[in-house]
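Colleague: I've got this one open on my screen and I'd like to know what stands behind the labels. Can you take me through them?

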Amino acid sequence: MYSDLTAAVHDGFPRALAELDELVRIPSVSAPGFDPGEVRRAAERITELLDESGFSGIRLLEIEGAHPAVYAEIPAPDGAPTVLLYAHYDVQPPGPDEEWETTPFDPIERDGRLLGRGTADDKCGVVMHLAAIRAFGGDVPVGVKIFMEGEEEIGSANLGAFLQQHKDLLEADVIVIGDAANWGVGTPALTTSLRGLVDCTIEVRTLESAVHSGMFGGAIPDAITAMSRVIASLHDDDGSVAVAGLVDSATSDLDLSEAELREQAGTVDGLHLLGEGSLTTRLWFKPAIAVLAIDAPPLSQAINQLVPVARAKVSMRIAPGQDPATARDALVAHLEAAVPWGAEITVTPGAHGEAFALDTTNDASVIFKEAFRIAYGNDTVEMGVGGSIPFVAAFEEAYPEASILLTGVMDPTSQIHGPNESQSIADLEHGILGEAIALRMLAE
């Protein structure tokens with residue numbers, strides 16, 4: 001029934017892979033301090049690829065101070081639904097070159113994978129959407145709108161403004177967000193839940209300025225030690241989050257073995273895992289807290305003094321069903337109560353994002369699960385993700401009647417955001433075919 005699409009995707013796949021290679025070579029890092037011209041160059045190249053793929057209405061959507069978004073469309077045949085296909089073309093900073101097997105923006109193929117920054121997160125999503133549409137040879141059975149963002153890796157700060165300014169332009173019956181992962185290589189998945197995010201910075205001060213550690217040590221605490229006690233208070237002895245009043249939301253029939261998790265994360269030998277309950281429950285449906293950075297004198301500048309002030313950034317993932325404002329207040333209250341010895345603490349709230357649970361009983365979700373099953377030859381699983389994609393809530397708020405799906409072709413070994421990021425080449429082809437089949441099934 002889908003042999004024509006299977007053949008078209010297979011025949012067109014060398015082009016798709018070449019386009020992914022080309023896009024990865026554009027260092028479209030959206031973070032401050034990197035050349036914004038490279039982000040725009042990637043956006044402009046995508047508009048050219050869209051033109052070559054049969055789209056119309058191609059344009060860059062601009063908001064002052066923002067990286068551009070890319071838009072294109074194919075009008076719907078009479079009576080057919082319209083599908084909005086989302087991906088993002090900006091990427092994370094590469095990190096040190098010496099940690100990569102290749103230079104980050106000079107991709108190479110190795111062991112059935114393409115290595116390079118953005119191969120999986122999320123230029124594969126860009127290529128997946130383009131190639132799926134091309135498989136129809138100009139006779140696309142549904143309406144298609146493309147929205148490719150250039151700021152996802154810096155928090156999608158302007159996405160709400162884009163959706164507000166272009167609400168009618170982007171309206172669709174089904175929204176497919178191609179920025180998620182499969183359960184494993186060869187096993188397709190729909191992502192059905194995401195944790196939310198709350199973060200803050202803390203400053204602990206014990207002195208007006210540094211003093212001699214020999215003359216005053218033993219009676220006066222230094223700020224780093226005081227802050228360490230605050231940070232240590234965030235977890236119980238077994239590593240469970242110790243902040244009171246947070247939600248645990250669900251459990252999952254899926255689970256990982258400890259060996260699988262340790263391999264995926266690359267843990268050191270003998271490391272104890274945190275918390276209790278199944279591993280997927282801990283990763284998807286319980287809160288988690290991590291210290292992302294500490295401001296204090298580096299070792300190279302250490303002298304015999306009591307450090308007067310130290311700062312840290314604390315990030316907390318929150319479970320679906322948890323209100324971010326309530327979680328933020330609970331975290332702030334805990335930190336303020338935990339500071340020892342009468343030291344001063346200042347907590348400054350930072351970013352926050354909603355947790356999310358997606359409905360998978362709608363027709364679009366059922367169709368995509370079946371389409372991926374056909375394309376991959378394996379049943380499609382429903383899985384949670386421990387990370388956060390705050391913009392999902394923005395789409396739901398803007399288009400409450402639309403069916404929203406989270407799909408993608410990266411996998412737990414893709415090492416997104418880290419060195420040697422990579423994408424399974426076989427899964428990219430499977431994902432393209434799955435999306436093409438799903439679009440035909442939506443029309444039928």
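Modeller: Sure, and keep in mind that this is a predicted model. Let's start with Pro-349, which counts as partly exposed at 44% relative accessibility. Pro-349 sits in strand E14, residues 344-353.

Colleague: Why is Pro-349 called partly exposed?

Modeller: Buried means under 20% and exposed means over 50%. Pro-349 has 44%, so the label is partly exposed. As for its surroundings, Pro-349 and Ala-327 are 11 Å apart from C-alpha to C-alpha, with their positions 22 residues apart in sequence.

Colleague: What makes Met-215 exposed?

Modeller: The cut-off for exposed is over 50%. Met-215 has a relative accessible area of 64%, so it counts as exposed. Met-215 lies in helix H6, residues 213-216, and forms a nonpolar surface patch with Phe-216 and Ile-220. Together the three have about 300 Å² of accessible area.

Colleague: Which residues form the negative surface patch?

Modeller: Asp-236, Asp-237, Asp-238 and Glu-276. Take Asp-238, in the loop between helix H7 (223-232) and helix H8 (258-265).

Colleague: How do you know that Asp-238 is accessible enough for a patch?

Modeller: A patch residue needs over 30% relative accessible area. Asp-238 has 35%, so it passes that cut-off, and at that value it counts as partly exposed.

Colleague: Now the salt bridges. What makes Arg-15 and Glu-52 a salt bridge?

Modeller: The cut-off is a side-chain nitrogen of Lys or Arg within 4 Å of a carboxyl oxygen of Asp or Glu. For Arg-15 and Glu-52 the N to O distance is 3.8 Å, so the pair qualifies. Arg-15 belongs to helix H1 (residues 3-24) and Glu-52 to helix H2 (residues 36-52), so the bridge ties together parts 37 residues apart in sequence. Arg-15 is partly exposed at 36%, and Glu-52 is partly exposed at 45%.

Colleague: How many salt bridges does a search of the whole structure find?

Modeller: It finds 21. Another of them pairs Asp-411 with Arg-113, at 2.9 Å from N to O. Asp-411 is in the loop between strand E17 (403-407) and strand E18 (422-424), while Arg-113 is in strand E5 (residues 113-115), so this pair ties together parts 298 residues apart in sequence.

Colleague: Are Asp-411 and Arg-113 buried or exposed?

Modeller: Buried is under 20%. Asp-411 has 5%, so it is buried. Arg-113 has 14%, so it counts as buried too.

Colleague: What makes Asp-248 and Lys-286 a salt bridge?

Modeller: Their closest N and O atoms are 2.9 Å apart, and the cut-off is 4 Å, so they form one. The pair links distant parts of the chain, 38 residues apart: Asp-248 is in the loop between H7 and H8, and Lys-286 in the loop between helix H9 (279-284) and strand E11 (288-295). Asp-248 is partly exposed, at 46%. There is also a network, in which salt bridges that share partners join Arg-15, Glu-19, Glu-22, Arg-45, Glu-48, Glu-52 and Arg-134.

Colleague: Why does Glu-151 have no salt bridge?

Modeller: The nearest side chain of opposite charge, Arg-40, is 9.5 Å away, and Glu-151 is buried. A salt bridge calls for N and O within 4 Å. Glu-151 is in the loop between strand E6 (143-149) and helix H4 (159-165).

Colleague: Which side chain makes a polar contact with Glu-151?

Modeller: Asn-158, at 2.9 Å between the two side chains. A polar contact needs N or O atoms within 3.5 Å, so that distance fits. A polar atom of the Glu-151 side chain also lies 2.9 Å from the backbone nitrogen of His-67.

Colleague: What about the backbone of Ser-156 and Asn-420?

Modeller: Phi of Ser-156 is near 50°, a positive value in a residue other than glycine. Ser-156 is in the loop between E6 and H4. Its relative accessible area is 10%, against a cut-off of under 20%, so Ser-156 is buried. For Asn-420, phi is near 65°, again positive in a residue other than glycine. Asn-420 is in the loop between E17 and E18, and with 14% it is buried.

Colleague: Where is the cis peptide bond?

Modeller: It joins Asp-121 and Asp-122, with omega about 5°. Asp-122 is in the loop between E5 and helix H3 (123-134).

Note on methods: Residues are numbered from 1 along each chain as its sequence is written. This is a predicted model: local features need pLDDT of at least 70, side-chain atom pairs count only at pLDDT 80 or more; totals for chains, interfaces and linings use all residues. Side-chain values use heavy atoms; hydrogens and water are left out. Patches are made of residues with over 30% relative accessible area and no salt bridge: like charges are joined within 9 Å, nonpolar side chains (Val, Leu, Ile, Met, Phe, Trp, Tyr) within 5 Å. Accessible areas come from the Shrake-Rupley method with a 1.4 Å probe; for residues, only the protein chains shown count as cover. Lys and Arg count as positive and Asp and Glu as negative; His and the chain ends are not counted. The place of a charge is taken as NZ of Lys, CZ of Arg, CG of Asp or CD of Glu. Helices (H or I, at least four residues) and strands (E, at least two) are DSSP runs, numbered from the N terminus. Buried means under 20% relative accessible area, exposed over 50%, partly exposed in between (1.4 Å probe, protein chains only). A polar contact is a pair of N or O atoms within 3.5 Å; within protein, one must be able to donate a hydrogen and the other to accept it, and residues adjacent in sequence count only if both atoms are side-chain atoms.
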